Amino acid sequence: MEAGDIDALAEALSTGDRRALARGITLVESTAPRHRPAARALLSQLTARADARAAARRIGLSGTPGVGKSSFIEALGSRLIAQGHRVAVLAVDPSSSRSGGSILGDKTRMETLARAPQAFVRPSPAGRTLGGVARRTREAIALVEAAGYDVVLVETVGVGQSETAVAEMTDVFCLLLAPGGGDELQGVKRGIMEIADIVVINKADGAMKRAAEATQADYQGALSLLRRRAGDPEGFPKALTASAMTGDGLDTVWQALTTLDDWRRDRGWRDERRQAQALTWFRQSLERGLVERLARDVGLARQLEVAEAAVAAGRETPDACAERIVAALRIALAGADVDADDDAHAGQD
Ligand code: GDP
């Protein structure tokens, strides 16, 4: 893609053009290395002009399959757009590439929201590694914010490490549970309770209402034993009941989410958290870049293999091997500089 095309795409995207947004996301989601320079250029351009960014709320939402995540997002999102918000829904689901499906791939999920002009629903990007999927979702967040969406919901299924990845790209984290049964019974991984700011017992309707209220009381008790996150307002983390089906409790959930988010924002903690997240991603990108650089160079890749075998066999220490690879990388990079200089001169000639 030419530089002029990127300018035009960035321009269209920041006026809220949905097709441009979809194209931009396709570009950043591409796993083809040849698309990366254009993706980077687009992100840099948008970052330079993003002033609306601080206004968007980034909300993480997790829950095991069947708990009602898509129904909940559909119901909550519909309310929010009726109130004038623009809502983007993104997903992190590294398992989708294995199962062949996607948690947002099913067209019947979030039908109303997916059709609403004020909403943007994007299936989980394909990818083999959580790191790769997470990076693409983070970049998609930057794009939807640049396109003027003021609420970004990032959904994930309650499997593996994806909750942590989502918590690391959002400001507040909401865990959805079903009535009855402890978190272990519901397949909720350990540690998730610690990152949840708000636990919502969904399906609090009809015959399940009572059970939902009992579950909520249990969780409120359990959460109050957890240490309150430094400086958070009284009453958080919080357990609430809601019904995606009847809509009961959704306003209360939204109020709790915004109260906490505003509280943190007003004290500068949201910005601090975003800065820390940005630094973490930078370091991850740097590490990934270095490892990719190693893998691209046949000689270095071979040395890496040898080092790995030596470490695994206990013949050499991990630290000594790492040091040797870093030294080899430095020499390779210095050689690459010379090549680049040669190219530059050749170009001038
Ligand atoms: P997900 O897999 O977590 O996205 O769950 P879905 O949104 O697909 O919902 C799973 C099932 O639970 C569906 O049959 C929904 O109709 C049902 N469901 C979702 N929310 C509610 C609710 O609030 N009340 C009731 N009674 N059923 C619900």
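How many cavities of 30 Å³ or more are there? I put this to the predicted model before anything else. The count comes to one.

**Entry: the cavity**

I looked up its volume and got about 40 Å³ for the largest cavity. Next I listed its lining. Glu29, Leu90, Ala91, Arg122, Pro123, Pro125, Thr137 and Ala140 line this cavity. By class I noted five nonpolar residues, one polar and two charged. Which elements supply at least two residues each? I found β2 (87-92) and α7 doing so.

**Entry: the largest pocket**

I turned to the open space. The largest pocket holds about 1,300 Å³. I counted 37 residues in its lining. Arg36, Arg135, Glu139, Ser285 and Arg288 lie nearest the centre of the pocket. I then sorted the lining by class: 15 residues are charged, 12 are polar and 10 are nonpolar.

Which element gives the most to this lining? I find α12 there, with 14 residues. I checked which elements supply at least two residues each, and wrote down α3 (36-49), α7 (130-146) and α12 (269-296). I also note that α7 appears in both linings, with at least two residues in that of the pocket and at least two in that of the cavity.

**Entry: the ligand**

I looked up the shell around the ligand next. It has 16 residues, and Gly66, Lys69, Ser71, Arg109 and Asp205 come nearest. By class I have five nonpolar, seven polar and four charged residues in this shell.

I went through individual polar contacts. Aspartate 205 places a side-chain N or O atom 2.6 Å from a nitrogen atom of the ligand. Serine 70 also uses its side chain: an N or O atom there is 2.9 Å from an oxygen atom of the ligand. With methionine 245 the partner is a polar backbone atom, 3.1 Å from an oxygen atom of the ligand. How much of the ligand does the protein cover? I read 69% of the 580 Å² of accessible area that the ligand has on its own.

**Entry: salt bridges**

I counted salt bridges and got 17. I picked out one of them, between the side chains of aspartate 261 and arginine 57, at 2.9 Å from N to O. Why does this pair tie together parts that are apart in sequence? Aspartate 261 lies in helix α11 (residues 250-266) and arginine 57 in strand β1 (residues 57-63), so the bridge links parts 204 residues apart in sequence.

**Entry: backbone checks**

I kept the backbone for the end. Most residues other than glycine have a negative phi, and most peptide bonds are trans. I looked for departures from each habit.

Where is the cis peptide bond that I noted? I found this bond joining phenylalanine 236 and proline 237, with omega at about -5 degrees. Proline 237 sits in the loop between α10 (209-225) and β7 (238-241).

For phi I noted lysine 203. Its value is near 65 degrees, which is positive in a residue other than glycine. I placed lysine 203 in the loop between β6 (198-201) and α10. Thus α10 borders both loops: the one with proline 237 and the one with lysine 203.

Technical notes: Residues are numbered from 1 along each chain as its sequence is written. This is a predicted model: local features need pLDDT of at least 70, side-chain atom pairs count only at pLDDT 80 or more; totals for chains, interfaces and linings use all residues. Side-chain values use heavy atoms; hydrogens and water are left out. On a 1 Å grid over the protein atoms alone, a cavity is a set of points where a 1.4 Å probe fits but cannot get out, and a pocket is an open set with protein on both sides within 12 Å along at least five of seven lines; lining residues have an atom within 4 Å of a point. Grid points are joined across faces, edges and corners, and a volume is the space filled by probe spheres set on the points. Helices (H or I, at least four residues) and strands (E, at least two) are DSSP runs, numbered from the N terminus. Ala, Val, Leu, Ile, Met, Phe, Trp, Tyr, Cys and Pro count as nonpolar, Asp, Glu, Lys and Arg as charged, and the others, Gly among them, as polar. A residue is near a molecule or strand if one of its heavy atoms lies within 4 Å of it. A polar contact is a pair of N or O atoms within 3.5 Å; within protein, one must be able to donate a hydrogen and the other to accept it, and residues adjacent in sequence count only if both atoms are side-chain atoms. Accessible areas come from the Shrake-Rupley method with a 1.4 Å probe; for residues, only the protein chains shown count as cover. A salt bridge is a side-chain nitrogen of Lys or Arg within 4 Å of a carboxyl oxygen of Asp or Glu.
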